[in-house]
Amino acid sequence: MTVGLSGSSFQNIISGNTNDGIDIAANTAAGPDGIVIVNNIIGGNSGFGVTPTNGRDGIELSGSGDTIAQNDIVGNPGNGIKLSNADGNTINNNVIGFATGTAVLLSNGATNNIVGASATDTNPRLSGNSISEGNIGVSVFSTANDATGNSIRGNIFDDNTGMSI
């Protein structure tokens, strides 16, 4: 499944929803999902201000082998992106900001995910996310210590009120 279209000026605008902008609960036991969320405006539009937004997270994802790339995720009152029970996902080349929660939250069961550039990227700055003007940049949180093996590299953190990582 693909939400959006890479390289297109025809973006989805996902805004003004009561709950999450995008909420995908995939069956992680069935293997990689291959879901791609690309080139969308989720929450407010940073080019035109940050309102309206969604009611909670911009994207909430439970799945494996998925990609979140080239999105403008701003102004959501929860988290920009929340991964839980998620394995082997890639989050890169997004603009994430103005979240009152965490820009990217890796929580319970989030393992082996890449936030930004992979270890093989020759120019990590081109693959990283721009994370700014929010509360916390990237947070790894788990009540059972099962959010392991995640990689956070090549991102730009700017003007957040809390920790970058």
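What follows is a chat between a colleague and a modeller about reading this predicted model.

Colleague: Before we start, what are the ground rules for this model?

Modeller: It's a predicted model, where local features need pLDDT of at least 70, side-chain atom pairs count only at pLDDT 80 or more, and totals for chains, interfaces and linings use all residues. Residues are numbered from 1 along each chain as its sequence is written, and side-chain values use heavy atoms, with hydrogens and water left out.

Colleague: Fine. What does the secondary structure of the protein chain come to?

Modeller: Helices (H or I, at least four residues) and strands (E, at least two) are DSSP runs, numbered from the N terminus. Here that gives one helix and 17 strands.

Colleague: And how do I read the sheets? In which order do the five strands of the open sheet run?

Modeller: Strands of a sheet pair through backbone hydrogen bonds, either parallel or antiparallel. For the bookkeeping, two strands pair if DSSP finds at least two bridges between them. In this model, five strands make an open sheet with parallel pairing, in the order β3-β6-β9-β12-β15. β3 (22-25) and β15 (136-140) have a single partner strand each, so one side of each has no neighbour in the sheet. From one strand to the next the twist averages 10 degrees; such angles run from 0 to 180 degrees between N-to-C directions, with axes as lines fitted to C-alpha atoms, for helices over the stretch in contact.

Colleague: Can you walk me across that sheet? I'd like to know which residues are bridge partners.

Modeller: Sure. β3 and β6 pair in the parallel sense over four bridges, with Ile-24 partnered by Leu-61 in β6. Three bridges then join β6 (residues 59-62) to β9 (residues 81-83), and Leu-61 has Leu-83 as its partner there. β9 is joined to β12 by three bridges, including the one between Ile-81 and Val-104. Finally, β12 and β15 pair over four bridges, and Thr-102 has Ile-136 as its partner in β15.

Colleague: What about the open sheet of six strands: which are its edge strands?

Modeller: That sheet has the order β2-β5-β8-β11-β14-β17, with parallel pairing. β2 (13-14) and β17 (156-158) are the edge strands, each pairing on one side only. Inside it, three bridges join β5 (residues 41-43) to β8, and Ile-42 has Ile-73 in β8 as a bridge partner.

Colleague: Now burial. Along β3, which side chains are buried?

Modeller: Buried means under 20% relative accessible area, exposed over 50%, and partly exposed in between (1.4 Å probe, protein chains only). Along β3 the side chains alternate: Ile-22 and Ile-24 point to one face and are buried, whereas Asp-23 and Ala-25 point to the other and are not. β12 is mostly covered, with five of its five residues buried. Over the protein chain, buried residues make up 48% of the 165 residues.

Colleague: Which residues of the largest nonpolar core touch the most other members?

Modeller: In soluble globular proteins, nonpolar side chains tend to be buried together. A nonpolar core here is a set of buried Ala, Val, Leu, Ile, Met, Phe, Trp, Tyr and Cys residues joined through side-chain atoms within 4.5 Å. The largest one has 23 residues, and Ile-22, Ile-37, Ile-59, Ile-68, Ile-81, Leu-83 and Val-104 touch the most other members. β3, β6, β9 and β12 (102-106) each supply at least two residues of this core, with the largest share, three residues, coming from β12.

Colleague: Last one: how many salt bridges does the structure hold?

Modeller: Side chains of opposite charge can pair when their charged atoms come close. The cut-off is a side-chain nitrogen of Lys or Arg within 4 Å of a carboxyl oxygen of Asp or Glu. The structure holds three. Asp-20 pairs with Arg-56, the closest N and O atoms being 3.1 Å apart. Asp-20 sits in the loop between β2 and β3 and Arg-56 in the loop between β5 and β6, so this pair ties together parts 36 residues apart in sequence. Arg-56 also bridges to Glu-60 at 3.6 Å, and Glu-60 meets Lys-82 at 4.0 Å, N to O. Glu-60 lies in β6 and Lys-82 in β9, so that pair links parts 22 residues apart in sequence. Through shared partners, Asp-20, Arg-56, Glu-60 and Lys-82 join into one network.
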